Amino acid sequence: MVELLPPLDLRAPGAGLLEGLSELQHHQARVLKSRHPLRVELEGFTAWPLVNGPSAYYYLVHTPLPLAEPVLEVVREQHRQIVALYREAMALGSDGAAFEQLLSRHMDTEERTLYPLYQQIVQEERLIRELGYEHLGLRRGLPEFGPFLRKIAAGETSKRDKDGFDIRFFHLFEHHMEREEESLLPVLEHLCPGEAAQAARQFTSAS
């Protein structure tokens, strides 16, 4: 279990990065908030990008630790299933119900389990707020999916049409998935593995 120290907002007058990092002991972490990317400055530490710009950069930083057990692998596996179902439906112009149902259940389960857990543990809401906006965009795009598949099946779409739909809708999911796998999931696995494992069981029952 990693102890979370109070966050350090480098945008505040007098806030010092070196002092903030020097306070970190083994099995301690803290959220850093900055107006600019912090890459070279964080060498020697493990830094998870919680919010990666453009107006603000948040990192969860801790001293190097052994790799956490991937107790949320079921979430990553559902990501892979969602991608596969989408690509299959788009390639064949087939019924997209399986994709729509899994994506909807997946988002609902994240919002019920992982997002509240993150806010409780990290006590920083911006990442969850941005992920929530992405869920909203996906939900708004879902009603277009079935009608578009029917156009594919009828031969009424071109490669340009498909590429455009990918850009408008599915690239949002790919971006969303990458953000979760680069930050949300590993952060929860490091900071609260027991609670994360309990949340994982909700995804198992929803799949």
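**Salt bridges in a predicted model**

Student: With which residue does arginine 139 form a salt bridge in this predicted model?

Tutor: Arginine 139 has its closest contact in this bridge at 2.8 Å between N and O atoms. The pair links distant parts of the chain, 31 residues apart, with arginine 139 in helix 4 (residues 126-153) and its partner in helix 3 (residues 97-122). That partner is aspartate 108.

Student: Is aspartate 108 buried, partly exposed or exposed?

Tutor: Buried requires under 20% relative accessible area and exposed over 50%. Aspartate 108 has a relative accessibility of 39%, so the residue counts as partly exposed.

Student: Which residues does the network of salt bridges with shared partners join?

Tutor: Salt bridges that have partners in common connect these residues into one network. Its members are Glu73, Arg76, Glu77, Arg80 and Glu189.

Student: How many residues apart in sequence are the parts that glutamate 189 and arginine 76 tie together?

Tutor: The side chains of these two residues meet in a salt bridge, at 2.9 Å from N to O. Because glutamate 189 lies in helix 5 (residues 159-191) and arginine 76 in helix 2 (residues 73-92), the pair ties together parts whose separation in sequence is 113 residues.

Student: Are glutamate 189 and arginine 76 buried or exposed?

Tutor: The cut-off for burial is a relative accessible area under 20%. Both glutamate 189 and arginine 76 are buried.

Student: How many salt bridges does a search of the whole structure find?

Tutor: One further salt bridge pairs aspartate 9 with arginine 11, with the closest N and O atoms 2.8 Å apart. Over the whole structure, the search finds a total of 14.

Definitions and conventions: Residues numbered from 1 in each chain as written. Predicted model: local features only at pLDDT ≥ 70, side-chain atom pairs only at ≥ 80, totals over all residues. Heavy atoms only, no water. Salt bridge = Lys/Arg side-chain N within 4 Å of Asp/Glu carboxyl O. Helix = DSSP H or I, 4+ residues; strand = E, 2+ residues; numbered from the N terminus. Buried < 20%, exposed > 50% of the residue type's maximum accessible area, 1.4 Å probe, protein only.
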